[in-house]
Amino acid sequence: MLLIEGDYERRSQLSRALRAEGMTVMAVSGIAEVERWPAGDVVVTESRRFTTLWKETGAAHVLVPAGTVEDGMEG
């Protein structure tokens, strides 16, 4: 799983939670830190970093967590 989250605390919390569930996670703050494209992986990213490019490059799924109900309704 590729986790892209600019906020250090949120990135740490999310990556710990995902690892606690047995998932392998590469957590980065931005696209420039991505070592390889996520072919067959799940990408979790902030809405401002969402792009359909993730699916086009082979991501199995792209998740964009919403901080609030209002944020979720915008997507």
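Reader: What makes the meeting of Glu46 and Arg48 a salt bridge?

Author: In this predicted model, the side chains of Glu46 and Arg48 come to 3.5 Å, N to O. The cut-off for a salt bridge is a side-chain nitrogen of Lys or Arg within 4 Å of a carboxyl oxygen of Asp or Glu. The pair fits that rule, so Glu46 and Arg48 count as a salt bridge.

Reader: And why is Glu46 called buried?

Author: Glu46 has a relative accessible area of 13%. Buried means under 20%, so the label applies to Glu46.

Reader: Is Arg48 buried or exposed?

Author: Exposed: its relative accessible area is 65%. The word is used for values over 50%, so Arg48 earns it.

Reader: What links Glu46, Arg48 and Arg49?

Author: A network of salt bridges. Besides the bridge to Arg48, Glu46 meets the side chain of Arg49 at 2.5 Å, N to O. That value is within 4 Å, so Glu46 and Arg49 also count as a salt bridge.

Reader: How do you know that the side chains of Arg49 and Glu46 make a polar contact?

Author: The distance is 2.5 Å. A polar contact needs a pair of N or O atoms within 3.5 Å, so this pair passes.

Reader: Why does Arg49 count as partly exposed?

Author: Its relative accessibility is 23%. Buried would need a value under 20% and exposed one over 50%, so Arg49 falls in between.

Reader: Where does Arg49 lie, and which residues does it touch?

Author: Arg49 lies in the loop between strand 3 and helix 2 (53-56). Leaving out residues up to four places away in sequence, Arg49 touches Ile4, Gly6, Ser29, Gly30 and Trp54. A polar atom of the Arg49 side chain is 3.3 Å from the backbone oxygen of Ser29. As for Ile31, it is 18 residues from Arg49 along the chain, and their C-alpha atoms are separated by 8.4 Å.

Reader: How many salt bridges are there in the whole structure?

Author: A search finds four. One of them joins Arg10 and Glu5, whose closest N and O atoms are 3.4 Å apart. Glu5 has a relative accessible area of 6%, which is under 20%, so Glu5 is buried. Arg10, at 31%, is between the two cut-offs and therefore partly exposed.

Reader: What about Arg11: how do you know that it has no salt bridge?

Author: The nearest side chain of opposite charge, Glu33, is 6.0 Å away from Arg11. A salt bridge needs a distance within 4 Å, so Glu33 does not qualify as a partner for Arg11. Arg11 is buried all the same.

Reader: What does the side chain of Arg11 reach?

Author: It reaches the backbone oxygen of Glu5 at 2.6 Å. Arg11 is found in helix 1. Not counting residues up to four places away in sequence, it touches Leu3, Glu5, Gly6, Ala27, Val28 and Ser29.

Reader: Which order do the strands of the open sheet have?

Author: The order of the four strands is 2-1-3-4, with parallel pairing.

Reader: Why is one side of strand 2 and of strand 4 left without a neighbour in the sheet?

Author: Strand 2 (26-28) and strand 4 (61-63) stand at the edges and each has a single partner strand, so one side of each stays free of a neighbour in the sheet. From one strand to the next, the twist averages 15 degrees. Helix 1 (residues 8-20) packs on this sheet and touches strand 1 and strand 2. The direction of helix 1 makes about 175 degrees with that of strand 2.

Reader: How do you know that strand 1 and strand 3 pair?

Author: Strand 1 (residues 2-4) and strand 3 (residues 42-45) share three bridges in the parallel sense. At least two bridges are needed, so these strands pair. Leu2 stands opposite Val43, and Leu3 opposite Val44. Strand 3 is also joined to strand 4 by three bridges, again running parallel, and Val43 has Val62 as its bridge partner there.

Reader: What makes both faces of strand 3 covered?

Author: Val42 and Val44 on one side are buried, and so are Val43 and Thr45 on the other.

Conventions:
Residues are numbered from 1 along each chain as its sequence is written. This is a predicted model: local features need pLDDT of at least 70, side-chain atom pairs count only at pLDDT 80 or more; totals for chains, interfaces and linings use all residues. Side-chain values use heavy atoms; hydrogens and water are left out. Axes are lines fitted to C-alpha atoms, for helices over the stretch in contact, and angles run from 0 to 180 degrees between N-to-C directions. Contact means heavy atoms within 4.5 Å. Buried means under 20% relative accessible area, exposed over 50%, partly exposed in between (1.4 Å probe, protein chains only). Lys and Arg count as positive and Asp and Glu as negative; His and the chain ends are not counted. A polar contact is a pair of N or O atoms within 3.5 Å; within protein, one must be able to donate a hydrogen and the other to accept it, and residues adjacent in sequence count only if both atoms are side-chain atoms.
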